[in-house]
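Hi there,

Here is the structure I promised to pass on. Have a look at it first, and then read on for what I found.

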Amino acid sequence: MLYIQNYIDGGLADPLSGGWIDVHEPATGRVYAQAPASAAADVDAAVRAAQNAFPAWRSMEAEGRSRLLRRVADLIEERLEEFAQAESRDSGKPVWLARSVDIPRASRNFRFFATAILHVSSEAHQTDDIALNYTLRQPIGVAGCISPWNLPLYLFTWKIAPALAAGNCVVAKPSEITPFTAFLLSEVCMEAGLPPGVLNIVHGLGGDVGAAITAHPDIPAISFTGGTATGAAIARTAAPMFKKLSLELGGKNPTLVFADCAFEETLDTVLRSAFSNQGEICLCGSRIFVERPLYARFRDAFVSRVRDLAVGDPLEDATGQGALVSEAHMEKVLSYIALAREEGGTVLCGGERVAVEGRCAGGWFVSPAVIEGLPFTCRTNQEEIFGPVVTLMPFDTEEEALTMANGTPYGLAASVWTSDLRRAHRFAGALQMGIVWVNCWMLRDLRTPFGGVKQSGVGREGGWEALRFFTETKNVCIKL
Ligand code: NDP
């Protein structure tokens, strides 16, 4: 049995309460680790350590902070295989995916912000011959970072790296469902020589540790990625305390396929955008709108490709889709497939629990589902399922496509597939989303603003946006 510990003040520690949480391997359904069931007292200890570390960390030269964070990046890379195995075991995702996407990106997050911080400049505004203003961007103090289970280390480090690079100390909480790689990150930080208290990782339930971070009076900024309902709860606590908030929330992303698209390339990427990571990515395109002249051809080719996706042991290279992250999540996904049927949808393929032979016999596998025949207004098409379930809908006009694409409470990301450049620009402008991809999906440049509108969130991550969030702006005005 693996024992995961908190990382507080530069050392590993058991939870003060002495309580533990079972951690399951989704591919087998078995408990393989225990994680701390920490509580407010552990968060308090972490905040105190962070406060003590802050004066020295914020005054360290940027070059010094950069060197330490690049060392963290290097050590993650050196232990790539170990991290990838841990991520796959914890989350059920194929190990090849963790090896090629999740873990390299976690290392890149550190390297990106470690080097970005060396290139920061701030503005000056001269008021005629009267005064000179210059802008300081100063670290905030102790930042709280809370992340979800779907891309565990990738999203965890996407918050921690800019917060630390900007000179803040951090109290961070990974999802209790997937704590393993955050624990390995603690080891890496100790080996890299990160000063005690600069980063603190507290494991535990959202309602305990997450809520304690959110409510802590000495944490003035919270960066959160997770579900919309949790984001709303965090906002309710943080708003009267006037905390800075960055909320990256749910999505119900549209994929718009026009008849003039490059068919094979579109098919390949729309398949990936639908089912990567078992559909458990906030950016997955779960509502696929296809222009009517292409509809039947696209549907038949798409369904045939989906049937070929191998569902099975995440350790096998041939596996296209691994296990869903938890039994509760699997039940939620299956309940949405039942709902789709009740709402009059036709399940063209998948949507069943899959029994995998051998070591994965007890695992939480669901075959990828494609559903048609539903109106865009029904619950299946309005609520985030966050699993391997997509719907197909035909459209006749651009107006109709736009109305349906924009017709949910969410506004995270869209992808548009067309050869018509003017149409691509029209849709890029009119889609109510934080991110629009044209003839591509999840093509990420870490300098670009990342986030959503409507119920998909508030604020942006990435590049300078993240460094701005993790600093407080101060104007200094000098009379000339
Ligand atoms: P949750 O909102 O359930 O949890 C996210 C994190 O918040 C977890 O660490 C969780 O802890 C913690 N948490 C739970 N309750 C509270 C609380 N009251 N106060 C503070 N923290 C709390 O999301 P999931 O983990 O289920 O992740 C899936 C969701 O994340 C989906 O909706 C998805 O769309 C969204 N997401 C958004 C992304 C974006 O960039 N917009 C990217 C990826 C995912 P614990 O798990 O330990 O309970």
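How many residues surround the ligand, and which are the closest? The model is a predicted one, and in it 31 residues surround the ligand. The closest are E176, T230, L249, C282 and E384.

Now to where the ligand sits. The space it takes is the largest pocket. Domain 1 (2-249 + 456-479) and domain 2 (253-445) both give residues to the shell around the ligand, so the ligand lies between the two domains.

You may like the polar contacts. T230, one of the closest residues, has a polar side-chain atom 2.6 Å from an oxygen atom of the ligand. K173 also places a polar side-chain atom by a ligand oxygen, at 2.8 Å. With S147 the partner is a polar backbone atom, which is 2.7 Å from an oxygen atom of the ligand. On its own the ligand has 900 Å² of accessible area, and the protein covers 86% of that.

As for the make-up of the shell, 14 of its residues are nonpolar, 13 are polar and 4 are charged. At least two shell residues come from each of α7 (206-215), β11 (221-225) and α8 (228-238). The most come from α7, which supplies 4 residues.

Happy browsing, and best wishes!

Definitions and conventions: Residues are numbered from 1 along each chain as its sequence is written. This is a predicted model: local features need pLDDT of at least 70, side-chain atom pairs count only at pLDDT 80 or more; totals for chains, interfaces and linings use all residues. Side-chain values use heavy atoms; hydrogens and water are left out. A residue is near a molecule or strand if one of its heavy atoms lies within 4 Å of it. A polar contact is a pair of N or O atoms within 3.5 Å; within protein, one must be able to donate a hydrogen and the other to accept it, and residues adjacent in sequence count only if both atoms are side-chain atoms. Accessible areas come from the Shrake-Rupley method with a 1.4 Å probe; for residues, only the protein chains shown count as cover. On a 1 Å grid over the protein atoms alone, a cavity is a set of points where a 1.4 Å probe fits but cannot get out, and a pocket is an open set with protein on both sides within 12 Å along at least five of seven lines; lining residues have an atom within 4 Å of a point. A molecule sits in a cavity or pocket if more than half of its atoms lie within 2 Å of its grid points. Ala, Val, Leu, Ile, Met, Phe, Trp, Tyr, Cys and Pro count as nonpolar, Asp, Glu, Lys and Arg as charged, and the others, Gly among them, as polar. Domain bounds come from an automatic or database domain assignment.
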